[in-house]
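I opened this notebook to record, entry by entry, what I looked up in the structure and what I found there. My plan was to begin with the whole chain and then turn to smaller parts.

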Amino acid sequence: MSEQAETLQQERLAALYALSAQLGMTLDLPLLLNQVMDALVQLTSAERAFVVLVDPLGGGLETVVARSVDQETIGDALPQFSHTIVEHVIKKGEPVLTGDAQEDERFATGESVGSLSLRSIMCAPLRARGKVVGAVIVDNRLKVGAFTREDLQLLIAFGTQAAIAIENARLFQQTDEALARRVDELTLFQRIDLQLNRSLDLGEVLDLALEWAIALTGADGGSIGLLQPGGAGQDCPSLQLYALRGSALPGPEYSLPVTHPVLSAVAEHGGSVLTHDVTVSSAIDGSPAATQLAVAIRSDGAPLGLITLESQHDHAFTEEDILFAERLADRAAVAIAKARLYEQVLQANRAKSEFISLVTHELRIPMTSIRGYADLLLAELAGPLSDSQKQFLKTIRRNLDRMAVLVGDLADINRMESGRMTFELGEFDLNQLVEEVARDLADALDARQQTLTLALAPLLPAAYADRTRIVQVLENLLDNAHKYTPEGGAITVWTQRVGDRLEVAVSDNGIGISPEDQARLFTQFFRSDHDAVRAQNGWGLGLSIARKLVEAQGGQIEFNSVLGEGSTFSFTVPLVEGASDDR
């Protein structure tokens, strides 16, 4: 597939996904299906589109949606499509794509194909609860070969989403009492999902899940626990209770072996276990009850834990209560998995931060010693040196400086990511700062015969930021411009006021940055494969740190670049509060 075709296909998939995602957001299903089917007609160049369902009672076909290319509803739609193809798809449960139905031996004899002069047709099954409940069909009566395999995949993807939405709508067409309960439950689950997914704290997620389970089933109490692997003195896996309502835990870390009768029954049956006349030995939390409902929390089929509900009434939990608790457990499983993953990420970040802190500290000690002795030797305090010995020591000194920059960069990243970076905010003259940094780079620029032009806006108000950190950012941008601009090149730095910010920009006519590299430019340790980049020393940390330093002080860093023509990097810093608009 060509790049253009692939891009088009991705755009079409994205558009269909966005539309299909709306199917679960309203109960006005016919209206929403009309909108999505109109989009499907446009995306596939179809002339017409139909959603056809099987009557669950009589077994016949009924048309739910029928739309034309003009975004109009087709009247009396039932005889307007190929019944032969729809019935074939519903019976076989497989999609159909034909470029010319009148020449296709499978369907050419169909009455609708001939009478309607049908040519290009696509049809995909609608599957819900493991069975085919209907089909979605689009056609083009004028054009042969109007649809592609990619179009069919698009139709199948839509059919999957539409089937779920249609099935949900059918559930709402039950008795008034069941309908009201289902509406309340779906609305409630939206609230539950929002609460469960709002927190990444495992304890809070478990508490919320248990509170909802007790409140909505009318239970007197309950508990929620997670399975823990064996080890550390445990002979086998166990269920550790994390939250409890209605009674006190026997101990601070109360846990049950998986051989407990209720846990064994849940594992054996793979579903919920309802127990009556609950004794101390059969109770999950060790307290007797008239009825106990144990519901497994599963993720991808694997057990994560258990929600247990208790009541002092003999017939406390109905079938609907059990189904509700099971659906709640499914939602809790997603939130628990996310919270656990977040915990693992936090632990990994803490371990990484501790490691970097240790490494940077331990590296600085020998580096300081090496630098001191190298300086002493270079000063010939230990005796005269030959020219080659001096060159060796200077090489050692240069590489120590490179290591010092790396250690400093790693320490900065560690402090920023762990929230320990502090800024000494204050007022300073931005133009003066630019001039100082430019002077420090003068020798390096002269060595490569590069010109540096300063275009500094006059009468700028004072900046309010950490002056040392802004120097660090500007040094990084100027150093990059110097390194990646060839000999004799030109670099320009300008300042200006932009609204309530001051802006500094560094522009060069150097090697530029490819579009592929631009997407990864601020990624830690990223360095381009460009030969001119690889020829220069660097760790791929400077721009990442620069952006973090700027953004942490309320500014923004941006760039634009053309490969082979040069780059411009700019960043903003805040003004002193209450600075005048006068230039």
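**Entry 1, the whole chain.** I began with contacts between residues at least 6 apart in sequence, and I noted that 62% of them join residues at least 24 apart. The model I am reading is a predicted one, and I keep that in mind for every entry below. I then looked up how much of the chain is buried, and I found that buried residues make up 43% of the 583 residues. For the secondary structure I wrote down 16 helices and 18 strands.

**Entry 2, a sheet.** I followed one open sheet, which is formed by five strands in the order E13-E15-E16-E18-E17, with mixed pairing. Its edge strands are E13 (451–456) and E17 (557–562), each of which pairs on one side only. From one strand to the next, I noted a twist that averages 15 degrees. I then went to one pair within the sheet, where E13 and E15 (residues 490–498) run in the parallel sense and are joined over six bridges. In this pair, I found Leu452 opposite Ile491 in E15.

**Entry 3, a helix across the sheet.** Which strands does H11 lie across? I found that H11 (residues 430–440) lies across E13, E15, E16 (501–508) and E18 (566–574), and that H11 runs at about 175 degrees to E13.

**Entry 4, two helices.** Two packed helices are described by the angle between their axes and the distance between the axes. For H11 and H13 (residues 467–483), I noted that the axes come within 10 Å and cross at roughly 50 degrees. An angle that is neither under 35 degrees, nor over 145, nor from 65 to 115 counts as oblique, and H11 and H13 are therefore oblique to each other. H11 passes H13 in a right-handed crossing. On the side of H11, the contact is made by Gln432, Leu433, Val434, Glu436 and Val437, while H13 brings Arg467, Ile470, Val471, Leu474, Glu475 and Leu478. Sorted by class, this contact of H11 with H13 has seven nonpolar, one polar and three charged residues.

**Entry 5, one residue.** Is Asp151 buried or exposed? I first placed Asp151 in helix H5 (residues 149–171). Its relative accessible area is 4%, and because buried means under 20%, Asp151 is buried. Leaving out residues up to four places away in sequence, I listed what Asp151 touches: Arg12, Leu43, Thr44, Met122 and Ala146.

How values were computed. Residues are numbered from 1 along each chain as its sequence is written. This is a predicted model: local features need pLDDT of at least 70, side-chain atom pairs count only at pLDDT 80 or more; totals for chains, interfaces and linings use all residues. Side-chain values use heavy atoms; hydrogens and water are left out. Two strands pair if DSSP finds at least two bridges between them. Helices (H or I, at least four residues) and strands (E, at least two) are DSSP runs, numbered from the N terminus. Axes are lines fitted to C-alpha atoms, for helices over the stretch in contact, and angles run from 0 to 180 degrees between N-to-C directions. Contact means heavy atoms within 4.5 Å. A crossing is left-handed if the near helix is turned anticlockwise from the far one by less than a right angle, and right-handed if clockwise. Ala, Val, Leu, Ile, Met, Phe, Trp, Tyr, Cys and Pro count as nonpolar, Asp, Glu, Lys and Arg as charged, and the others, Gly among them, as polar. Buried means under 20% relative accessible area, exposed over 50%, partly exposed in between (1.4 Å probe, protein chains only).
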